[in-house]
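Work through these exercises with the model open beside you. Try each task before reading its solution.

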Amino acid sequence: MSSHATQSIDGTARTDEVLRLENVTKRFGGVVAVDDLSFSVREEEILGFIGPNGAGKSTTFNCVSGAFPPTDGAIYYRDEDVTGVPQYALVEKGLARTYQTFRPLEDRSVLENVSLSMVPNELFSFDEFRTTVEDRAREICQQVGLSEHMHQTPDELPHAGLLRLEVGRAIGTEPDLLLVDEPFAGLTPEEVERTAALFRSLREDGMTLIVIDHNMHGLLDLVDRVVVISFGEKIAEGSPEEIRNDPTVQEAYLGGEL
Ligand SMILES: Nc1ncnc2c1ncn2[C@@H]1O[C@H](COP(=O)(O)OP(=O)(O)OP(=O)(O)O)[C@@H](O)[C@H]1O
């Protein structure tokens, strides 16, 4: 068995892996964006997933989150083979993601944006149901630090607020596993620290996270473990300290900030 198996009280094997990629490859015509990639993520872990520009990080996220299937290999979510399962079905199973380019509903308030991530528009129009959903959406707005902005529209939010809204909309789907794509881009160091604190609080509530970012300082301070890819292949895996000092990783970044 390739997963991290432990024995439960009744003696049966159980795994603490939330996600496992086995030999995942994704080709676009002649381009091999992800090349025979295997790694796993454990329960309530914050995993950093890094690599130079064009290394294949977003493509991996797209395969895992069901945007498109891998060309080869398999993806397991809580030991269930979910290879090629579409995004909406993965969201129902508890897997959500955020995007580098935010996609809020521009004509809706922050509160409505979060509410509508929880239920479809048609259900949201029923008054009774709407109250329950809005109560939960208010909690989420508070959790992500948007309680002062609930009645504003997205265009009234600063960049850091839009990121918080993106995270809030993902939390609205009640995920167990959250994939976060470049959350620190465009944030000040203080905002990076506040965003990292938000991710830590989500983990304390039982969530598992995989975070992509080019801000090495912010990312390595946040995560428990790191997987590094270059040209679609895994080149290193280890603790933040091991990754900081890994010559292969430093070479891949050609002297970039590590
Ligand atoms: N839809 C697509 N069609 C063709 N090629 C693609 C497609 N998506 C990604 N690629 C190619 O796959 C490779 C990996 O791209 P990807 O966006 O996954 O890298 P990345 O590590 O996320 O990069 P960045 O850090 O710049 O966001 C690149 O060579 C890219 O041009």
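**Exercise 1. The whole chain**

What percentage of the 258 residues in the protein chain is buried? Then list the secondary structure and the share of long-range contacts.

Solution.
- Note first that this is a predicted model.
- Buried residues come to 37% of the chain.
- The secondary structure consists of 10 helices and 12 strands.
- Take the contacts with a separation of 6 or more; residues 24 or more positions apart account for 60% of them.

**Exercise 2. Two domains and their contact**

Find the domain bounds, then describe the contact from the side of domain 1.

Solution.
- Domain 1 covers 16-94 + 177-257, and domain 2 covers 102-174.
- Their centres, taken over C-alpha atoms, are 26 Å apart.
- Domain 1 puts 8 residues into the contact, and domain 2 puts in 8 residues.
- On the domain 1 side, helix α7 (residues 189-204) gives the most, with 3 residues.
- Sort that side by class: 5 residues are nonpolar, 2 polar and 1 charged.

**Exercise 3. Helix α7**

Check the length of α7, then work out which side of the helix is covered.

Solution.
- Start with length. α7 has 16 residues, so at 1.5 Å a residue it should span 22 Å. The C-alpha atoms at its ends are 23 Å apart, which agrees.
- Next, pick out the buried residues: Val192, Thr195, Ala196 and Leu202.
- Place them around the axis. They cover an arc of only 115 degrees, so they sit on the same side of α7.
- Recall the helix geometry: with 3.6 residues a turn, residues three or four places apart point the same way.
- Turn to the opposite face. Glu190, Ala197, Ser201 and Glu204 are exposed there, turned away from the buried side.
- Now ask what covers the buried residues. The cover includes α6 (159-171), β9 (177-181), β10 (208-212) and α8 (216-222).
- Finish past the helix end. Gly206 follows α7 and has a positive phi, near 105 degrees.

**Exercise 4. Around the ligand**

Which residues are around the ligand, and which element gives the most to the shell?

Solution.
- List the shell: Phe28, Val31, Ala33, Gly51, Asn53, Gly54, Ala55, Gly56, Lys57, Ser58 and Thr59.
- Map the shell onto elements. β4 (31-42) and α1 (57-64) each supply at least two residues.
- α1 gives the most, with 3 residues.
- Classify the residues: 4 are nonpolar, 6 polar and 1 charged.

**Exercise 5. Helix α3**

How many of the 9 residues of helix α3 (residues 110-118) are buried? Name them.

Solution.
- The helix is mostly covered, with 7 of 9 residues buried.
- They are Val110, Leu111, Glu112, Asn113, Val114, Ser115 and Ser117.

**Exercise 6. One residue, Ile243**

Is Ile243 buried or exposed? Locate the residue and list its contacts.

Solution.
- Ile243 lies in helix α9 (residues 240-244).
- Count its surroundings. There are 24 other C-beta atoms within 10 Å. The cut-off for buried is 20 or more, so Ile243 is buried.
- Leave out residues up to four places away in sequence. Ile243 then touches Leu220, Val226, Val228, Ala236, Gly238 and Val249.
- Compare a position far along the chain. Val24 is 219 residues away from Ile243 in sequence, and their C-alpha atoms are separated by 22 Å.

Note on methods
Residues are numbered from 1 along each chain as its sequence is written. This is a predicted model: local features need pLDDT of at least 70, side-chain atom pairs count only at pLDDT 80 or more; totals for chains, interfaces and linings use all residues. Domain bounds come from an automatic or database domain assignment. Two residues are in contact if their C-beta atoms, placed from the backbone, lie within 7 Å. Helices (H or I, at least four residues) and strands (E, at least two) are DSSP runs, numbered from the N terminus. Ala, Val, Leu, Ile, Met, Phe, Trp, Tyr, Cys and Pro count as nonpolar, Asp, Glu, Lys and Arg as charged, and the others, Gly among them, as polar. The expected span of a helix is 1.5 Å times one less than its number of residues. A residue is buried if 20 or more other C-beta atoms lie within 10 Å of its own, exposed if 12 or fewer, and partly exposed in between; C-beta atoms are placed from the backbone. The arc is that of the directions from the helix axis to the C-beta atoms. A residue is near a molecule or strand if its C-beta atom, placed from the backbone, lies within 6 Å of it.
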